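Got the viewer open? Let's take a short walk through this one, stop by stop.

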Amino acid sequence: MYRYAALDLNARWFYCEHTIAMSFPHPRACRPASTVLLVFLGVAGALPLAACSSGPENSQAAATGATAPSSRPNIVFVLTDDQRWDAISLAGTATPATPNIDRIGREGVYFRNAFATTALCSPSRASILTGVYAHTHGVKDNFTEFPADTPTWPLALQRAGYETAYIGKYHMGEDNDLPRPGFDYFATHKGQGQYFDTTFRINGGESRVIPGYYTHVVTDLADQWIRGRSADRPWSIMVGHKAPHSFYLPEDKYKDAFRDMQIPYPASAFMLDDKPAWYRDRLPTWHGIYGPLFDYRKQFPDRTPAGVTAFEEMVRSYWRTILSVDDSVGRLYQTLQDTGQLDNTVFIFASDHGILNGEHGMIDKRTAHEPSIRIPLVVRYPGLTQPSAPRTVDRMVLTTDFAPSILDMAGLPTEVTAHGRSWKAVAQGQDDPDWRESYVYVYNYEKQFPYTPNVRALRTEDWKYVRYPNAVTPHKAELYHLAEDPGELVNLIDAPQHRARVAAMHAELDRQLKALGSWPDVMPLDEGIGQQLPDANIR
Ligand SMILES: [Ca+2]
């Protein structure tokens with residue numbers, strides 16, 4: 001029996017019981033009965049509720065953590081920005097070559113099917129920190145500050161005795177570079193930062209330009225911080241890279257990489273006849289292949305075949321910035337080796353979501369297409385698998401799984417960390433027959449970037465159903481058989497033989513939204529695809 005306390009939206013305590021382990025409890029399992037979604041405090045809540053655990057052993061384990069503090073692993077979480085799942089060579093792609101990122105997976109666990117619950121920077125980062133969807137943590141767009149009192153896994157680690165640091169792009173709250181709760185050391189900047197000579201602010205002190213290339217500046221800071229830690233206290237660090245976010249500016253060392261590689265528009269860019277009309281409306285915009293391409297094209301829209309040269313240079317530069325990230329991962333690996341901490345550290349490499357590089361005529365992310373929602377994810381930790389016996393996991397894992405998984409590996413309570421689930425056992429090779437076989441993807445229309453409708457999608461292991469609700473002009477839905485059509489080329493939504501499947505997936509999407517507490521499903525009004533450029537200071 002799993003017993004614990006939780007808070008509802010009005011900060012009232014509830015007492016819950018489950019007969020099976022659940023990462024997100026059903027309100028009916030809680031007393032007094034609540035009809036509202038329960039919002040959990042993660043371990044911040046779990047620590048006081050340890051007293052509610054079932055037996056003396058459980059109480060003690062929860063109160064102190066199941067693992068003795070001295071044996072808890074350190075955490076290194078390297079988070080890139082907009083890196084596609086296939087922009088690591090471990091995915092089987094030749095470009096860009098990322099031997100250092102690959103090594104993390106080749107000595108650990110490679111999650112081949114990892115996904116973002118929302119493919120947008122700030123909401124996804126908040127989900128990575130909290131383990132909950134955007135409607136629960138509240139950061140629904142790129143312009144919302146992360147609520148300071150929200151439980152996160154770094155905060156839980158800090159309360160359990162970890163030293164904690166955040167270095168680099170935080171990007172929740174556009175103009176805020178002050179320290180956030182949960183971190184003993186906090187080095188960040190306002191907004192997106194610059195590839196060269198970003199103005200950083202460390203621990204809320206004086207703002208100052210740190211000269212150099214962003215990727216290496218944050219690596220230097222991380223290296224210094226890790227080398228300054230003592231071996232008798234566990235620590236955790238997140239390194240938030242700017243790369244490979246637009247506008248792509250490579251360092252001098254890589255400015256000519258891929259120069260001779262030809263990169264045509266993907267074939268899918270010209271297969272739009274069975275797609276919703278908004279695909280075609282998006283083509284000449286800020287997020288379409290005939291638009292400015294993050295300033296790589298000066299004259300636009302450009303539908304000429306020769307216009308592909310600007311597209312090629314954009315993609316090459318995207319990859320170039322990833323080469324520097326790979327060097328950074330190699331350096332941090334070396335830092336851990338030098339300090340004797342490599343095998344006592346959980347080394348996680350992931351991205352907040354992916355990006356479209358011309359597929360379906362699109363650039364940017366936000367949509368439910370595979371290049372947008374899938375993320376690279378590798379984890380090295382001998383507590384999961386020995387470096388000599390690497391493992392590939394095919395189960396679907398989500399950005400909301402990081403919080404419970406990290407707490408689980410740290411030996412801290414996880415059963416109240418909301419929507420996500422710990423993949424620790426799965427990563428250890430224990431397949432879980434009850435593991436998810438589908439998940440809900442969510443994106444909300446932004447009037448500042450009116451090039452993507454509201455998106456609600458159900459992604460199963462073999463199929464994807466996408467609908468675009470609350471639109472002034474309704475959009476056609478989509479159905480793809482991913483097992484046979486991984487490129488999402490043939491929209492089966494109108495095929496008579498799939499009517500029952502569409503109805504079932506539509507109903508399952510509703511069911512999962514309700515289970516996530518997102519019902520009624522509140523979202524902005526989609527006023528259609530705009531043709532204007534976004535405001536210059538938010539691009
Ligand atoms: Ca991002």
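## Start with the confidence colours

This is a predicted model, so colour it by pLDDT before anything else. The mean for the protein is 88, and 86% of its residues reach 70 or more. Where does confidence bottom out, and where does it peak? Select residues 42-46: that is helix 1, where confidence is lowest, at a mean of 33. The highest value, 99, belongs to strand 21. Now widen the selection to residues 1-66, where the pLDDT is below 50. In the model, this stretch has 120 contacts beyond near neighbours in sequence. Don't dwell on them, though: where pLDDT is low, the predicted coordinates should not be read in detail.

## Stop one: a four-stranded sheet

Next, pick out strand 19 (438-443), strand 20 (455-460), strand 21 (463-467) and strand 22 (478-481). They make an open sheet, ordered 19-20-21-22, with antiparallel pairing. Strands 19 and 22 are the edges; each has a single partner strand, so one side of each is left without a neighbour in the sheet. From one strand to the next, the twist averages 15°.

Zoom in on strands 19 and 20, which pair in the antiparallel sense over six bridges. Which residue of strand 20 is the bridge partner of Tyr 439? Click on Arg 459 and you have found that partner.

Now add residues 499-515 to the selection. This is helix 13, which lies across strands 19, 20, 21 and 22. Its direction is at about 75° to strand 21.

## Stop two: a three-stranded sheet

Select strand 15 (374-375), strand 6 (114-115) and strand 18 (397-398). These three form another open sheet, in the order 15-6-18, and here the pairing is mixed. Strands 15 and 18 stand at the edges with a single partner strand each, so each has one side without a neighbour in the sheet. Strands 6 and 15 pair in the antiparallel sense over two bridges. To see one bridge, show Phe 115 and its partner in strand 15, Arg 374.

## Last stop: Ala 243

Go to the loop between strand 11 (235-240) and helix 8 (277-282), and select Ala 243 there. Is this residue buried or exposed? It is buried, because 27 other C-beta atoms lie within 10 Å and 20 or more count as buried.

Who is around it? Leaving out residues up to four places away in sequence, Ala 243 touches several residues, among them Thr 80, Asp 81, Thr 215 and Thr 321. Finish by drawing a line from the C-alpha atom of Ala 243 to that of Arg 320: they are 9.5 Å apart, though 77 residues separate them along the chain.

Terms used. Residues numbered from 1 in each chain as written. Predicted model: local features only at pLDDT ≥ 70, side-chain atom pairs only at ≥ 80, totals over all residues. Pairing = 2+ DSSP bridges. Axes fitted to C-alpha atoms, helices over the stretch in contact; angles between N-to-C directions. Contact = placed C-beta atoms within 7 Å. pLDDT = per-residue confidence, 0-100. Buried ≥ 20, exposed ≤ 12 C-beta atoms within 10 Å, placed from the backbone.
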